[in-house]
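Reader: Please pick one helix of this model and go through it closely. I would like to know how it sits among its surroundings and what open space it borders.

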Amino acid sequence: AGREEARRAKEKSDEIGHRKYASVAVLFGALDTWLLGAHAEARRTAIEADPAADESGFASSTRPFMLAWLHADLGALDEARHWAERLVGSARARGLPLDEARGHWVLGEVLRCAGRLDAAERELDVALTQVRAISPIDLPAVLASVGHLRLAQGRPDGRRCGHGGQPAAG
């Protein structure tokens, strides 16, 4: 249903000449495709999507955020890191703290997957600080990433997780 809604939204956007919204619709269709497990198709769609959405306010982080996670899922960690770092840099330059926080979060995950646990911890610490201040709704997801990192570090004890002594979800 989500892919169909995205297709219809793109058609309407094309009809009225709204390029940025059309790009956002394509990206959300690609996101649904990815979540359904068609990674190669989702990657192709997101890469080929008009990058206009990268500057379109509410969806400015969608493309690089999605591509970072998707490449990490595919094991293409250098490419995943590229997209995550691009998101952090772009968000910082444009003064978008929520996008920057999400960039640090996904970069922390990518670095964890690459075995760079100290660097991952630094990124996730930044993400935690930022989401606590500006987006509490993102906090459980970032804490889950911290939990995964702690397990990778051999530190499953939540008292050392730096978030109030409760074990992170994972």
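Author: The expected span of a helix is 1.5 Å times one less than its number of residues. The helix chosen here is α4, residues 62-73, in what is a predicted model. Its 12 residues should span 16 Å at 1.5 Å a residue, and the C-alpha atoms at its ends are 16 Å apart, which agrees.

First, the setting. The protein has eight helices and zero strands, and its elements run α-α-α-α-α-α-α-α from the N terminus on. Of its 170 residues, 44% are buried, where buried means under 20% relative accessible area. Among contacts between residues at least 6 apart in sequence, 50% join residues at least 24 apart.

Is α4 enclosed or open to the outside? Because 11 of its 12 residues are buried, α4 is largely enclosed by the rest of the structure. The buried residues are Thr62, Arg63, Pro64, Phe65, Met66, Leu67, Ala68, Trp69, Leu70, His71 and Ala72. After the helix comes Gly75, which has a positive phi, near 85°.

Now the open space. The largest pocket holds about 190 Å³, and α4 gives the most to its lining, with four residues. These are Thr62, Phe65, Met66 and Trp69, which appear among the lining residues and fall within the 62-73 run of α4. They are also listed among the buried residues of the helix. An α-helix has 3.6 residues a turn, so residues three or four places apart point the same way. The rest of the lining consists of Phe28, Leu31, Trp34, Ser61, Arg102 and Trp105. Along with α4, helices α2 (19-35) and α6 (97-113) each supply at least two residues. By class, the lining has seven nonpolar, two polar and one charged residues. The charged one is Arg102, given that Asp, Glu, Lys and Arg count as charged.

The next helix along the chain, α5, is tied to α4 by packing: α4 is among the elements that cover the buried residues of α5, together with α3 (39-48) and α6. Helix α5 covers residues 77-94, 18 in number, and reaches 25 Å between its first and last C-alpha, close to the 26 Å expected. Its buried residues are Ala80, Trp83, Ala84, Leu87, Val88 and Ala91. Viewed down the axis of α5, these fall within an arc of 135°, so they line one face of the helix. Asp78 and Ala93, on the other side of α5, are exposed. Gly95 follows α5, and its phi is positive, near 70°.

The α6 part of that cover can be seen at Gly103, which lies in α6. Gly103 is buried, with a relative accessible area of 0%. Which residues does Gly103 touch, its neighbours within four places in sequence aside? They are Ala84, Leu87 and Val88, each of them listed among the buried residues of α5. The C-alpha atoms of Gly103 and Ser90 are 9.4 Å apart, with their places 13 residues apart along the chain.

Arg102, of the pocket lining, also leads on to a later part of the chain. Residues up to four places away not counted, Ser135 touches Leu98, Arg102 and Gln130. Ser135 sits in the loop between α7 and α8 (139-152) and is buried, at a relative accessible area of 6%. From the C-alpha of Ser135 to that of Pro97, 38 residues away along the chain, the separation is 9.5 Å.

To return to the chosen helix: α4 is largely enclosed, since 11 of its 12 residues are buried, and α4 gives the most to the lining of the largest pocket. Helix α4 is also part of what covers the buried residues of α5.

Notes:
Residues are numbered from 1 along each chain as its sequence is written. This is a predicted model: local features need pLDDT of at least 70, side-chain atom pairs count only at pLDDT 80 or more; totals for chains, interfaces and linings use all residues. Side-chain values use heavy atoms; hydrogens and water are left out. On a 1 Å grid over the protein atoms alone, a cavity is a set of points where a 1.4 Å probe fits but cannot get out, and a pocket is an open set with protein on both sides within 12 Å along at least five of seven lines; lining residues have an atom within 4 Å of a point. Grid points are joined across faces, edges and corners, and a volume is the space filled by probe spheres set on the points. Buried means under 20% relative accessible area, exposed over 50%, partly exposed in between (1.4 Å probe, protein chains only). The arc is that of the directions from the helix axis to the C-beta atoms. Contact means heavy atoms within 4.5 Å.
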